[in-house]
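Hi everyone, thanks for coming. I'd like to walk you through a structure that may be new to you, so let's put it up on the screen.

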Amino acid sequence: MAAKSPVPQNDNVAHALAGAGGGVLSMVLTYPLITLSTRAQVESKRAETAFLAAVKRIVAREGVAGLYAGLDSAVFGISVTNFVYYYWYEWTRAFFEKAAARTGRASKKLTTVESMIAGALAGSATVILTNPIWVVNTRMTTRRESLEASRELVVEGSGAAAVPPGKKPKPPTTLGTLMALLREEGPQALFRGVIPALVLVINPILQYTLFEQMKNIFEARRKRNITPTMAFFLGALGKLFATSITYPYITVKSQMHVAGNGQKEGMTQAISRVIKEEGYAGLYKGIGPKVTQSVLTAAFLFAFKDVLYEQTVKLRSTMARKALKA
């Protein structure tokens, strides 16, 4: 019987498709936690609510669908984000591996520095290309209630109209939110928060560097490839470490995404304002659901990605063989 051919590990497109698919599955499974965390990040200190109270309030006012506000733009965003990120990460990794082979280095595995450089390049490209998607998603996720006037649950630029008492507000669509944002604030609004987002490139750098190094240690000791279960736990550890360190910038980025034209401030100014108004604890609003969501998302992503990668490579090989026979 012929030996089973190994799955190639240098197919950038297959890695990108697997990363996008894994990201979408992870996002759908954990999205309510994103909603709770993002709303907590942009609330004033007086409006802060406990985790369970926040869930009950959203469900009472908007129904269960309120926990999934902006899911369509988030799914689109994470698929594009992960596709771009993994494509460039794998391209950079292949470049370093070829360079290692040319110089005769004993191991082709990425060093810590090479992993960080690959993550920085992939992360920067991803931020610049996908920031507009996440601005729209944050606007949709953080619709606020105007209590006395119209009982609407929208923020400026959401595109939703006021509703009469007794009726649930109609959630804004992705396209409606985008058009309202462009009409009221201009195209530049789509790039709000891009500076803290670029700073946050350190998040996936820390996450993937830690994951890759732990993966290399595991595979070297066990003499076999990492399993989806182990990838789940290593991915969770990497994301827990990265998100805990970078969370203040995540808070600032969310606040800049929902700021109107009259609230122009830089990243340093935004951090100083939050500390002045709410203390250092204000930089960590919503960290509970965010860390939980980030860790679970990363864990599911790493568990799904390798399986999806193998299936993608097999599917493309099958389609290529059929095309040759045709």
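Okay, start at the N terminus and follow the chain along: the elements go α-α-α-α-β-β-α-α-α-α-α-α. Count them up and you get ten helices and two strands. Keep in mind that we're looking at a predicted model.

How far can we trust it, then? On average the protein chain has a pLDDT of 76, and 81% of the residues reach at least 70. Which element has the highest mean pLDDT, and which the lowest? Helix α3, residues 71-102, is at the top with 86, while strand β1, residues 145-146, is at the bottom with 37. There are two stretches I'd like you to spot. In residues 1-9 the pLDDT is below 50, and that stretch makes nine contacts in the model beyond near neighbours in sequence. Residues 144-161 also have a pLDDT below 50, and here the model has 46 contacts beyond near neighbours in sequence.

Now the overall packing. The protein chain has 326 residues, and 48% of them are buried. If you take the contacts with a separation of 6 or more, 76% of them are between residues 24 or more positions apart.

On to the cavities. How many of 30 Å³ or more turn up when the whole structure is searched? Two. The largest has a volume of about 980 Å³. It is lined by 38 residues, and those closest to its centre are I78, W134, K239, K253 and K290.

Who builds that lining? Helices α1 (12-42), α3, α4 (112-141), α7 (202-222), α8 (228-258) and α10 each put in at least two residues. The most comes from α4, which gives nine. As for the chemistry, the lining of the largest cavity has 21 polar, 14 nonpolar and three charged residues.

Let's zoom in on one of those central residues, K253, which sits in helix α8. Is K253 buried, exposed or partly exposed? Its relative accessible area is 22%, so K253 counts as partly exposed. Setting aside residues up to four places away in sequence, K253 touches G193, P196, A197 and L200. While you're there, look at I195: that residue is 58 residues from K253 along the chain, yet their C-alpha atoms are 8.3 Å apart.

Next, T81, over in helix α3. T81 is buried because its relative accessibility is 14%. A polar atom of the T81 side chain lies 2.7 Å from the backbone oxygen of G77. Further along the sequence, T81 is in contact with T126, T130 and W134, leaving out neighbours within four places. You've met W134 already, as one of the residues closest to the centre of the largest cavity.

My last stop is T312, in helix α10, which covers residues 287-325. What does the side chain of T312 reach at 2.7 Å? The backbone oxygen of L308. T312 has a relative accessible area of 15%, so T312 is buried. Beyond its neighbours within four places in sequence, T312 is in contact with A14 and L17.

So that's the tour. If you rotate the model yourselves later, begin with the largest cavity and look for I78, W134, K239, K253 and K290 around its centre. Happy to go back to any of these views.

Methods
Residues numbered from 1 in each chain as written. Predicted model: local features only at pLDDT ≥ 70, side-chain atom pairs only at ≥ 80, totals over all residues. Heavy atoms only, no water. pLDDT = per-residue confidence, 0-100. Helix = DSSP H or I, 4+ residues; strand = E, 2+ residues; numbered from the N terminus. Contact = heavy atoms within 4.5 Å. Buried < 20%, exposed > 50% of the residue type's maximum accessible area, 1.4 Å probe, protein only. Polar contact = N/O pair within 3.5 Å; in protein donor to acceptor, adjacent residues only side chain to side chain. 1 Å grid on protein atoms, 1.4 Å probe; cavity = no way out; pocket = protein on both sides within 12 Å on 5 of 7 lines; lining within 4 Å. Points joined across faces, edges and corners; volume = space filled by probe spheres on them. Nonpolar A, V, L, I, M, F, W, Y, C, P; charged D, E, K, R; others polar.
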